[in-house]
Amino acid sequence: MLKTRSEDRAMQIPHVMIVGGGFSGTALAIHLARNATAPLRVTVVEPRQTLGAGVAYSTQEPAHRINVPASRMQLSGDEQGAFDRWYRQQPECSLDSVAHCADGAVYPQRGMFGRYLAELFAQAVLQHPQVTLRHIQASALAWEGQQLLLSNGETLEGNVLALAISHPPPSLPRALLPFSAHPALIANPWQPGVLDNIDSHASVAIIGTGLSMADVVASLATRQHRGPLLAFSRRGQLSRANLSGEWPEWTLAPQPQPSTRLWLHHIRAEVARAAEQQLPWQRVLDEVRAQGQSIWQSLSLREQQRFVRHLRSWWDVHRYRIAPQVAAEITQRQQAGTLRVLAARLAAIASRGDQLDITLHTRDGATEHHPLDHLIVTTGPGHEALTASQPLLLSLSQQGFIRADALGFGIDVDRHSHTLTRSGQPSQNVFVVGPAARARFGELMGLPQVADHAAEVARQILLSLHIKHAERCPPLAP
């Protein structure tokens, strides 16, 4: 069949295919539209109806809030406060009184940020006509040569494939696999409606004490649950609360030694130095986070592995904090005696009708037995299985285009975010954007680092396509 002249021209325009339309994929598409100075086609493959939501921001659960003030949520560094200004213009801002803190900061429900990103994408479609932005509501199944096979039967052909892959589903601990169909086990608490049938006086235990556990406690509160609640993990560490009010920035003293142990001592000394000036530890950790990627990349693989083995859980609970509203609910339940948090491991589990009996061994050597109406799993995504978690990734892995990283975090990439092949060579036309690349970059799970990474990957893609990167003024919020 002969091609028309317009079809020929379309084939000559470079085409970027982005798999995943959560924050990372949507941000990448917007950055490409804003910065491409020549015609470009960008297609985002995302099974959800709208872009921007992804796993994090698709939740409709009212108790799920962003865990930093809205003023710190942005698409790029030149948009400071844009989401905050947008949110304050929405009806939800006045309707959701819980979002407002005494210091004037707002912590909106998480789904609002997904809506904001979708509006930015729609705005980019109108404001940058030289770039054709398209969303295909489908899943990517396989990569064959330069072609992407989709679940709706379409086949895309393009110059660049960008993987904006979300976290894999939570992996069920091995001890719980025989009970996967038990009515008392809730393996994925983010499934819509799965918490609705928990009785207000039910005895509930949660495996895991991080951010996901905090989400579950907040969700149970909206359902008026006041029964006994037990949360346990190996170290029993809770995510810390975010700061309220305005505090001075902290300048981190230089630390040239590329050693995990020396960095730990240095940060502790900095926290003590800040305390002498009546500044909270959060200011120090915020500055460590800002320098996180350079610090991480200065460490050898052995030092990175040492961090993951010994310090990661401590870093996570100080780095990934919770909104004040959620922290207040956890504190209130602890003070009321309806929430216990234990450092313990699951020693045994047995079925007793519709209930589960669990046996815990605590870190101080005690043994506890608990009959449960519900056992909720919040142990987090199974990062170590990412390259085999989706048909497309399995296809790319089997062909040698991608490989798992040495830390089990996601996909191995070079410093420009090209995927590394099975033999360790960069794939020039396959990129990773977002948390799946964090083994290389370290600090790549929350804003603004993920936003900055999306902007940098957009720059690398335009460079690979020989398209000049635009110099632009800061955009207005939609």
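Student: Is Ser395 buried or exposed in this structure, and how is that decided?

Tutor: The model is a predicted one, and in it Ser395 is buried, with a relative accessible area of 12%. A residue counts as buried when its relative accessible area is under 20% and as exposed when that value is over 50%, so the 12% of Ser395 puts this serine in the buried class.

Student: Where is Ser395 found, and which residues is it in contact with?

Tutor: Ser395 lies in helix α14, which covers residues 391-398. If we set aside its neighbours within four places in sequence, Ser395 is in contact with Leu141, Ala142 and Trp143.

Student: Which residues does Ser212 touch, and what is its relative accessibility?

Tutor: Ser212 is part of helix α7, and at 19% relative accessibility it counts as buried because the class takes in values under 20%. Not counting residues up to four places away in sequence, Ser212 touches Trp190 and Thr378. You can also relate a separation along the chain to a separation in space: Ser212 and Pro168 are 44 residues apart in sequence, and their C-alpha atoms are 14 Å apart.

Student: What does a residue with a high accessible area look like, for instance Arg302?

Tutor: Arg302, whose place is in helix α11, is exposed, with a relative accessible area of 59%. For this arginine, too, a pair of separations can be read: Arg302 and Val341 are 39 residues apart in sequence and 32 Å apart in space, C-alpha to C-alpha.

Student: How should I read the way two helices pack?

Tutor: Two packed helices are described by the angle between their axes and the distance between the axes. In this model, helix α11 (residues 301-310) and helix α12 (residues 312-319) pack at an angle of about 70°, with their axes 5 Å apart. That angle makes α11 roughly perpendicular to α12. On the α11 side the residues are Phe307, Val308 and His310, and they meet Arg312, Trp314 and Trp315 of α12. Sorted by kind, the residues of the contact of α11 with α12 are four nonpolar, one polar and one charged.

Student: At what angle do α7 and α13 cross, and which residues make their contact?

Tutor: The axes of helix α7 (residues 211-222) and helix α13 (residues 324-336) come within 9 Å and cross at roughly 75°, and α7 and α13 are therefore roughly perpendicular to each other. The contact is made by Ala214, Val217, Ala218 and Ala221 of α7, together with Val326, Glu329, Ile330 and Arg333 of α13. Six residues of the contact of α7 with α13 are nonpolar, none is polar and two are charged.

Student: How do I read a single helix, such as α16, and which of its residues are buried?

Tutor: An α-helix has 3.6 residues a turn, so residues three or four places apart point the same way. Helix α16 (residues 449-464) has 16 residues and reaches 22 Å from its first C-alpha to its last, close to the 22 Å expected at 1.5 Å a residue. The buried residues in α16 are Gln449, Val450, Ala451, His453, Ala454, Val457, Ala458, Gln460, Ile461 and Leu462. After α16 comes His466, which has a positive phi, near 60°.

Student: Which loop residues also have a phi near 60°?

Tutor: Most residues other than glycine have a negative phi, and most peptide bonds are trans. Gln224 is a residue other than glycine with a positive phi, near 60°. It is found in the loop between α7 and β10 (229-233), and it is exposed, with a relative accessible area of 55%. Gln278 likewise has a positive phi, near 60°, and it belongs to the loop between α8 (260-276) and α9 (281-290). At 61% relative accessibility, Gln278 counts as exposed.

Student: How many disulfides are there in the whole structure?

Tutor: A disulfide is a pair of cysteine sulfur atoms within 2.5 Å, and a search of the whole structure finds zero of them. Cys93, for example, is in no disulfide, and the nearest cysteine sulfur, that of Cys101, is 12 Å away.

Student: Why is the sulfur of Cys101 not in a bond with that of Cys93, and are the two cysteines buried or exposed?

Tutor: The sulfur of Cys101 is 12 Å from the closest cysteine sulfur, in Cys93, which is too far for a bond. Cys93 counts as buried at 7% relative accessibility, and Cys101 is buried with a relative accessible area of 18%.

How values were computed: Residues numbered from 1 in each chain as written. Predicted model: local features only at pLDDT ≥ 70, side-chain atom pairs only at ≥ 80, totals over all residues. Heavy atoms only, no water. Helix = DSSP H or I, 4+ residues; strand = E, 2+ residues; numbered from the N terminus. Expected span 1.5 Å × (residues − 1). Buried < 20%, exposed > 50% of the residue type's maximum accessible area, 1.4 Å probe, protein only. Axes fitted to C-alpha atoms, helices over the stretch in contact; angles between N-to-C directions. Parallel < 35°, antiparallel > 145°, perpendicular 65-115°, else oblique. Contact = heavy atoms within 4.5 Å. Nonpolar A, V, L, I, M, F, W, Y, C, P; charged D, E, K, R; others polar.
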